[in-house]
Each structure stands twice: as C-alpha cells, then as structure tokens.
Amino acid sequence: MDLDLLVSQFKQKDEKAFETLYNMYSESMHGVIYNIVRDHSIAEEVMQDVFIKAWHKSDTYSNKKGRFFTWILNISRNAAIDKTRSKAFKKSKQNLHSEYFVDILETGESLDNKTDAIGIKKFVTRLAEKCKAVIELLYFKGYTQAEASEALKMPIGTIKTRNRSCIKQLRNLVLN
C-alpha cells in the first residue's frame, strides 16, 4: 500500500487507515517508549495515548517536514519523557519504607540483623542526623533532590551540598 495515500486517508480521519498505521508502527513506538519508561504496562498506556493524540492532531503532520514515522516517533518520545517527569510516575518508582513490609518481616530486629549482616548499619549510624535524613530520602526512598528539599524544608542547594558531603563522609567511614 502507498504510504502517502494511507497517511492522507489518516489525516481525513479514515479509521481503516488509522488501524493500518497502528499495526505498522505500534511495535516500534512501544519499543521507543519502553526504553524511556522501563515498564511494559506504562509503555502500552503511553503508546495508546500517542496514537490517539496523533489521530486528533493529524492535520499538523506535513510530509514536507519529514516522514510520518519520524513524526509519530517524536510524539512517542516526547510523551514518554513527559510521563517520566510526571509526579505520579516518580511516586510509583520510589522505594517503599520498611514499615510497609510489616507482615513480611518477623520483627524490627530481623531488619536490623540483615542490615548489620551487610555492614551498613554501623557506618550509617555514625553519621550526623542531618546526613541520615538526606541519605534515607535520596538513596533508600528514591526521592529526587527537589523532593527531598520539600520534605526536609531546606533549599535545594543545601540538599545537594549535604548529599555530596554525607556521601563523602560515608565513603571515608567505609574505606577507613
């Protein structure tokens, strides 16, 4: 089938053309999106949104500016990046605090024993309270520096400086 004709029909809101283009490009778009979001179900959701957006914005495509594949690829890439920047996506990727696993862990001591078994507890407990708070949020809970800044009610510059300083202290404790 002639791609230019197919795209022309797509722009005229022909459902058969939409279906054909979807079948042609959905696998490639899913791959591009997945490489950014790293979750198959989210990639599938974003891909569906991309094709719906392309359907509604089909009049903005011009073959003079580039190939249809490139146009929809850019929409896919931008949608995936937007998804990773969303608050909901970031929250879903944060590590959960150990309190969420109360039923899995026998006691609080078993977590301490496991932490002690790998030798981390003795190093982290030696750090100042301000370092413990920053390290817990950034490394154990998966917060961004901006989110840690909000949570600790500190300027982001302070968070960045403390992060570097605390990691340096932790490194010195571990290596000495």
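## What "buried" means here

A residue counts as buried when its relative accessible area is under 20%, as exposed when the area is over 50%, and as partly exposed in between. Phe 68 has a relative accessibility of 3%, so Phe 68 is buried. Keep those cut-offs in mind as we walk through the structure, which is a predicted model.

## Aromatic rings that meet

Let's start with the rings. A pair of aromatic rings is described by the distance of the centres and the angle of the planes. How many aromatic pairs does the structure hold? The count is 12. Take Phe 18 and Trp 55: the ring centres are 5.2 Å apart and the planes stand at 80°, so this pair is edge-to-face. The two residues come from distant parts of the chain, with Phe 18 in helix 2 (residues 15–37) and Trp 55 in helix 3 (residues 40–56), 37 residues apart. Phe 18 is partly exposed because its relative accessibility is 23%, while Trp 55 is buried because its value is 18%.

Another pair joins Phe 68 and Trp 71, and this one is tilted, with 5.5 Å from centre to centre and 45° between the planes. Both residues belong to helix 4 (residues 68–85), where they are three residues apart, about one turn of the helix. An α-helix has 3.6 residues a turn, so residues three or four places apart point the same way. Trp 71 has a relative accessibility of 16%, so Trp 71 is buried, and you have already met Phe 68 as a buried residue at 3%.

## A cluster of rings and a charge

Now look at how the rings connect. Ring pairs join Phe 10, Phe 18, Tyr 22, Tyr 25, Phe 51, Trp 55, Tyr 61, Phe 68, Phe 69 and Trp 71 into a cluster. Trp 55 has a charged partner too: the charged end of Lys 13 sits over the ring of Trp 55, 5.3 Å from the ring centre.

## A closer look at helix 3

Trp 55 brings us to helix 3. What span should its 17 residues have? At 1.5 Å a residue, the expected span is 24 Å, and the C-alpha atoms at the two ends are 24 Å apart, so the two values agree.

Which residues of helix 3 are buried? They are Ile 42, Ala 43, Val 46, Met 47, Val 50, Phe 51, Ala 54 and Trp 55. These buried residues pack against helix 1 (3–11), helix 2, helix 4 and helix 5 (87–92).

## One disulfide

The structure has one disulfide. Cys 131 and Cys 166 form it, with their sulfur atoms 2.1 Å apart. The angle about the S-S bond is -80°, and the link is left-handed. This disulfide ties together distant parts of the chain: Cys 131 is in helix 8 (residues 129–140) and Cys 166 is in helix 10 (residues 156–175), 35 residues apart.

Are these cysteines buried or exposed? Cys 131 is buried because its relative accessible area is 1%, and Cys 166 is buried because its relative accessible area is 1%.

## Two salt bridges

A search of the whole structure finds two salt bridges. In one, the side chains of Glu 45 and Lys 83 meet at 3.3 Å, N to O. Glu 45 lies in helix 3 and Lys 83 in helix 4, 38 residues apart, so to speak a link between distant parts of the chain. Glu 45 is partly exposed at 39% relative accessibility, and Lys 83 is partly exposed at 24%.

The other salt bridge brings together the side chains of Lys 132 and Glu 129 at 3.1 Å, N to O. Here both residues lie in helix 8, three residues apart, about one turn of the helix. Lys 132 is partly exposed, with a relative accessible area of 25%, whereas Glu 129 is exposed at 58%.

## Two residues with a positive phi

Let's end with the backbone. Most residues other than glycine have a negative phi, and most peptide bonds are trans. Arg 38 is not a glycine, yet its phi is positive, about 60°. Where is Arg 38? Arg 38 is in the loop between helix 2 and helix 3, and it is exposed because its relative accessible area is 53%.

Lys 153 also has a positive phi, about 55°, although it is not a glycine. Its place is the loop between helix 9 (145–152) and helix 10. At 74% relative accessibility, Lys 153 is exposed.

Note on methods
Residues are numbered from 1 along each chain as its sequence is written. This is a predicted model: local features need pLDDT of at least 70, side-chain atom pairs count only at pLDDT 80 or more; totals for chains, interfaces and linings use all residues. Side-chain values use heavy atoms; hydrogens and water are left out. Rings of Phe, Tyr and Trp (its six-membered ring) pair if their centres lie within 6.5 Å; planes under 30 degrees apart count as stacked, over 60 as edge-to-face and the rest as tilted. Helices (H or I, at least four residues) and strands (E, at least two) are DSSP runs, numbered from the N terminus. Buried means under 20% relative accessible area, exposed over 50%, partly exposed in between (1.4 Å probe, protein chains only). A charge sits over a ring if NZ of Lys or CZ of Arg is within 6 Å of the ring centre and within 35 degrees of the ring normal. A disulfide is a pair of cysteine sulfur atoms within 2.5 Å. A salt bridge is a side-chain nitrogen of Lys or Arg within 4 Å of a carboxyl oxygen of Asp or Glu. The expected span of a helix is 1.5 Å times one less than its number of residues. Contact means heavy atoms within 4.5 Å.
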